[in-house]
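Trainee: I am new to this structure. Can we go through what the labels rest on?
Mentor: Yes. Have a look, then ask.

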Amino acid sequence: MTVTIYRTTSCPSARKAELWLNRHKIKHNIRNINKNPLSKDEIIKLVSFCDNGFFDLISKKSETFTQVNKKYHFENLTFSEAVSVIYCNQKLLRKPIIFDDKNILIGYNDDLIRTFIPRSNRNIKLQDQNNY
């Protein structure tokens with residue numbers, strides 16, 4: 001299993017995530033979405049991981065959201081329209097977006113990032129802790 005990080009160049013949270021993954025020896029790929037934007041299919045895949053759909057992915061506090069929402073009113077968009085708006089305005093996305101085949105983490109969180117530790121490693125750590 002490989003973890004993927006979607007980030008921008010100036011994202012300090014992405015640097016934290018990368019350091020954490022390195023420290024825990026978890027294979028990962030990094031993609032700068034400024035240089036290599038997401039496709040519509042990739043956006044749809046990310047949304048499929050999210051409990052609250054697009055609103056988990058979007059940075060609602062950003063100036064970009066304010067501007068785009070004035071024009072498109074996200075609450076009123078169809079799924080296809082929302083994908084297109086995000087595709088054309090990828091600054092809307094919260095970063096980093098960290099995911100594998102089963103999990104997604106949007107933004108960095110010290111506790112939640114542990115979901116990317118393989119189960120076998122988590123079991124070993126628990127056994128080690130129980131032996132002390």
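Mentor: Keep in mind that this is a predicted model. Start with the largest nonpolar core, which has 23 residues. Phe54, Leu57, Phe74, Ile86, Leu92 and Ile97 touch the most other members.

Trainee: Which elements supply at least two residues each of this core?
Mentor: α2, α3 (54-57), α4 (63-72), α5 and β3 (97-99). The largest share, four residues, comes from α5.

Trainee: What makes the other set a second core?
Mentor: It is separate, with twelve residues, including Trp20, Leu21, Ile26 and Phe116. A core is joined through side-chain atoms within 4.5 Å, so a separate set counts as its own core.

Trainee: Why are β2 (28-32) and β4 (104-106) called edge strands?
Mentor: Each pairs on one side only. The order in the open sheet is β2-β1-β3-β4.

Trainee: How do you know that β1 (residues 3-7) and β3 pair?
Mentor: Pairing needs at least two bridges. β1 and β3 have three, so they pair, in the antiparallel sense. Tyrosine 6 stands opposite isoleucine 97 in β3.

Trainee: What packs on the sheet?
Mentor: Helix α1 (residues 12-23) does, touching β1, β2 and β3. α2 does too, touching β1, β2, β3 and β4.

Trainee: Which residues of α2 and α5 meet?
Mentor: Lys40, Ile43, Ile44 and Val47 in α2 meet Phe79, Val83, Ser84, Ile86 and Tyr87 in α5. They divide into seven nonpolar, one polar and one charged. Lys counts as charged, so Lys40 is the charged one.

How values were computed. Residues are numbered from 1 along each chain as its sequence is written. This is a predicted model: local features need pLDDT of at least 70, side-chain atom pairs count only at pLDDT 80 or more; totals for chains, interfaces and linings use all residues. Side-chain values use heavy atoms; hydrogens and water are left out. Contact means heavy atoms within 4.5 Å. Buried means under 20% relative accessible area, exposed over 50%, partly exposed in between (1.4 Å probe, protein chains only). Axes are lines fitted to C-alpha atoms, for helices over the stretch in contact, and angles run from 0 to 180 degrees between N-to-C directions.
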